[in-house]
Amino acid sequence: MSPDSITTQEADLRVADGWTLHEFAEVTSTNSLAAHLPPWTAVRAVVQTAGRGRTGRPWISDEDGLWLSAVVPTPGDTAPWSLLPLAAGWAALSVVRGLGLPDARLRWPNDLLVGRRKLAGILVDRFLPEAAVVGIGLNVANHPAETDPALTGEVTCLADLLPHPPLFPSLMVQLLAALTGEHHRLESGNAGGLCRDLNGAWGHRQVQVTLAGGSGVINGHLDGVDPSGALLVRDAAGEVRVLPAHRVELLREVFPA
Ligand code: BTN
């Protein structure tokens, strides 16, 4: 592990379900730290000082949230692993629903929401061809809007939704086990099964998609994803547009005024 990215000493080391888990009081980003670690290793920090979100945004990582990165192997053909960000979203959603939040849902590609509020986000980094880092940020009892008031009304946390939110060790074991299950599903070539699960989990379907590289905007109905992971959006003319993830800069849900 790079000592540059560790601002306090390693606090604990546990083994969960075949995973080796390293816990820290404070790091820059658990994803950046995990870049140097072997598969089936996970890193958790109490606080991240430079937490990273998707599309280069910062991720507020205050105390009492779960900031967890897990390294998984991505051997062989690259095709199944392009679905890993979607599979990780489904893994996290399954855990959150099982905690007693059956209405939790996904917003493409892998945001977890309850109602319109974001509960968790996922960032998958491919630092090397043979492994990926799956970073999960789950608001547990933290309140990111206290750090960034622009998030007021946009975010939620388990403690605001459940009478008894689970403890961190139990959450981590459940998330890592679910991720192992989804990794096996991709490895065994069952992209169709993943797709079916995901396509029942997108909550709101009216969307505005901003295409990458300034190539326009599509307003339409989210039909789901196909087994290659491409987003399917039915535009106003009724045509289904097939959009691989790299063609999508941003998907915004559109609600009636
Ligand atoms: C997003 O919704 O934009 C993705 C957020 C991902 C945040 C997690 S917290 C653990 C891991 N370390 C990071 O720096 N980012 C991810």
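1. Let me start with W67: its relative accessible area is 0%, so this tryptophan is buried. Keep in mind throughout that we are looking at a predicted model.

2. W67 also has an aromatic partner. Its ring pairs with that of W59, with 6.4 Å from centre to centre and 80° between the planes, which makes the pair edge-to-face.

3. How many aromatic pairs are there by this rule? The count is two. Besides W59 and W67, there are W19 and W40, whose ring centres lie 5.0 Å apart; their planes meet at 80°, over the 60 degrees needed, so this pair is edge-to-face.

4. What does the W19–W40 pair tie together? W19 belongs to strand 2 (residues 19–27), while W40 sits in the loop between helix 1 (30–34) and strand 3 (41–48), so the contact links parts that are 21 residues apart in sequence. As for exposure, W19 is at 0% relative accessibility and therefore counts as buried. W40, at 25%, counts as partly exposed, because buried would require a value under 20%.

5. Two arginines are worth a look for their place over aromatic rings. R44 lies over the face of F168, 4.3 Å from the ring centre. With R116, the charged end sits over the ring of F255, at 3.7 Å from the centre.

6. Now the cysteines. The structure has zero disulfides. C157 is buried, at a relative accessible area of 1%, and C195 is buried too, at 8%. Both values are under 20%, so neither cysteine counts as exposed.

7. C195 brings us to helix 6, which spans residues 191–199. Which of its residues are buried? They are A191, G193, L194, C195 and L198. The cover over these buried residues includes two helices, helix 2 (84–98) and helix 5 (168–187), along with strand 5 (105–107) and strand 10 (217–225).

8. Last, the ligand. There are 20 residues around it, and S29, Q48, R52, R54 and K118 come nearest. For S29, a polar side-chain atom lies 2.7 Å from an oxygen atom of the ligand. K118 likewise places a polar side-chain atom 2.6 Å from a ligand oxygen. With Q48, the ligand atom is a nitrogen, and the distance to an N or O atom in the side chain is 2.9 Å. If you want to check the site by eye, S29, Q48 and K118 are the contacts I would pull up.

Technical notes. Residues numbered from 1 in each chain as written. Predicted model: local features only at pLDDT ≥ 70, side-chain atom pairs only at ≥ 80, totals over all residues. Heavy atoms only, no water. Disulfide = S-S within 2.5 Å. Buried < 20%, exposed > 50% of the residue type's maximum accessible area, 1.4 Å probe, protein only. Helix = DSSP H or I, 4+ residues; strand = E, 2+ residues; numbered from the N terminus. Contact = heavy atoms within 4.5 Å. Phe/Tyr/Trp six-rings, centres within 6.5 Å; stacked < 30°, edge-to-face > 60°. Lys NZ or Arg CZ within 6 Å of the ring centre and 35° of its normal. Near = heavy atom within 4 Å. Polar contact = N/O pair within 3.5 Å; in protein donor to acceptor, adjacent residues only side chain to side chain.
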